[in-house]
Protein chains: 2
Amino acid sequence: MKETNTHTITEVILKLEEEALERWENGDPDGYLELYAEDIVYFDPFFDEKLEGLDTMKAYYETIRGRIHADRYQIIQPVVQVSGTMAVLTYNLCSVSGEEVYRWNCTEVYRQGPSMKWKIIHSHWSFVKPGENR
Amino acid sequence: MKETNTHTITEVILKLEEEALERWENGDPDGYLELYAEDIVYFDPFFDEKLEGLDTMKAYYETIRGRIHADRYQIIQPVVQVSGTMAVLTYNLCSVSGEEVYRWNCTEVYRQGPSMKWKIIHSHWSFVKPGENR
């Protein structure tokens with residue numbers, strides 16, 4: 001039973017991420033903003049420190065709305081680790097836009113709230129081998 | 001009561017991390033290896049993809065044992081998000097070795113097992129602003 005449950009949660013988490021990423025890669029950050037919890041903690045390679053809170057994320061993503069476009073992208077070897085009300089999704093992402101190839105390490109920590117909805121409480125994006133990549 | 005519990009877990013997690021990091025910054029990876037769960041998933045900037053499993057981490061860390069030394073380091077603004085049997089620790093780390101300054105984004109996901117021990121099931125290390133940093 002536990003195995004079935006973990007299997008189902010894995011499918012749910014992957015679907016949520018795929019849907020948000022599909023919108024993201026077409027310039028629409030709202031998929032992720034709808035998934036982020038109020039207490040989201042966020043890392044990417046463009047800031048000196050982590051970002052904290054949904055309002056901070058909304059302000060950041062408004063600055064890049066419509067400016068991201070991938071011709072194609074691939075989620076590579078996703079893993080979901082489930083324990084109780086949390087699920088940790090990790091994967092590599094390869095995203096191609098024109099001549100540019102972006103290779104990412106990605107962590108998303110999902111938490112299931114009282115309404116049973118899964119929300120992202122932590123997101124960490126980093127470049128694969130940044131010395132070679134950028 | 002819940003708040004007190006969350007407060008206590010935060011202290012426990014921070015202490016575990018500080019102890020492992022203190023050993024790490026003096027060339028000893030065993031602090032982290034003792035904390036890693038069998039199903040650890042790991043990102044750092046030096047690999048094309050994530051590393052998976054405790055045996056993989058042991059093999060990797062043997063290659064750098066005794067080779068890391070920080071003159072001083074600082075954990076910056078740690079945050080712990082607790083939900084049930086999981087706790088997500090995020091912080092920035094500034095580590096100084098001679099003339100070199102390393103600035104990191106760090107994620108550690110801890111899971112409490114049946115024995116009540118907290119183990120790290122996911123670790124993600126990345127450089128702060130790698131284009132400027134390296």
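**Strands and interface, chains A and B**

Biologist: How many bridges join E5(A) to E6(A)?

Modeller: Those two run antiparallel. Strands here are DSSP runs of at least two residues (E), helices are runs of at least four (H or I), and both are numbered from the N terminus. Two strands pair if DSSP finds at least two bridges between them. For E5(A) and E6(A), the number of bridges is 9.

Biologist: Before we go on, what kind of model is this?

Modeller: Residues are numbered from 1 along each chain as its sequence is written, chains are lettered from A and ligands numbered from 1 in the order in which they are written, and side-chain values use heavy atoms, with hydrogens and water left out. Local features need pLDDT of at least 70, side-chain atom pairs count only at pLDDT 80 or more, and totals for chains, interfaces and linings use all residues, the model being predicted.

Biologist: Back to E5(A) and E6(A): which residue in the hairpin takes a positive phi?

Modeller: Within the paired part, Thr107(A) stands opposite His124(A) of E6(A). The hairpin has 5 residues between the strands, and the positive phi, near 75°, belongs to Met116(A).

Biologist: And E4(A) with E5(A), which residue has the positive phi in that hairpin?

Modeller: E4(A) and E5(A) are antiparallel and joined by 12 bridges. Ser97(A) sits opposite Glu100(A) of E5(A). With 2 residues between the strands, the one at a positive phi near 60° is Gly98(A).

Biologist: What is the bridge partner of Val79(A) in E4(A)?

Modeller: That's the E3(A)–E4(A) pairing, antiparallel again, with 10 bridges. Val79(A) has as its partner in E4(A) Thr90(A).

Biologist: Which strands of chain A stand at the sheet edges?

Modeller: The strands of chain A build an open sheet of 6 with mixed pairing, in the order E2-E1-E6-E5-E4-E3. Two of them have a single partner strand each, so one side of each lacks a neighbour in the sheet: strand E2 (51–52) and E3 of chain A.

Biologist: And in chain B, what are the edge strands?

Modeller: Chain B also has an open sheet of 6 strands with mixed pairing, ordered E2-E1-E6-E5-E4-E3. Pairing on one side only are strand E2 (51–52) and strand E3 (72–83) of chain B.

Biologist: What stands opposite Tyr91(B) in E5(B)?

Modeller: Strand E4 (residues 86–97) and strand E5 (residues 100–112) of chain B run antiparallel with 12 bridges. Ala87(B) stands opposite Tyr110(B) there, and Tyr91(B) stands opposite Cys106(B).

Biologist: What rotation superposes chain A on chain B?

Modeller: The fit is by least squares on the C-alpha atoms of residues with pLDDT of at least 70 in both copies. It has 0.0 Å of shift along the axis and an RMSD of 0.0 Å, with a rotation of 180°. That relation is a two-fold axis.

Biologist: What percentage of the interface residues of chain A are also interface residues in chain B?

Modeller: Contact means heavy atoms within 4.5 Å, and by that test 39 residues of chain A touch 39 residues of chain B. The copies meet through the same surface, because the shared percentage is 100%.

Biologist: Which three residues supply 17% of the area that chain A buries against chain B?

Modeller: Buried area is the accessible area (1.4 Å probe) that two parts lose on being put together, summed over both. The chains bury about 3100 Å² between them, 53% of it on carbon and sulfur atoms. Supplying more of chain A's share than any other three residues are Asp48(A), Gln81(A) and Met86(A).

Biologist: With which residue does Asp48(A) form a salt bridge?

Modeller: A salt bridge is a side-chain nitrogen of Lys or Arg within 4 Å of a carboxyl oxygen of Asp or Glu. There are 4 between chain A and chain B, out of 20 over all chains. With the closest N and O atoms 2.6 Å apart, Asp48(A) pairs with Arg103(B).

Biologist: Which helix holds both Glu19(A) and Lys15(A)?

Modeller: Glu19(A) forms a salt bridge with Lys15(A), and their closest N and O atoms are 2.8 Å apart. The two are 4 residues apart, about one turn, in helix H1 (residues 2–24) of chain A.
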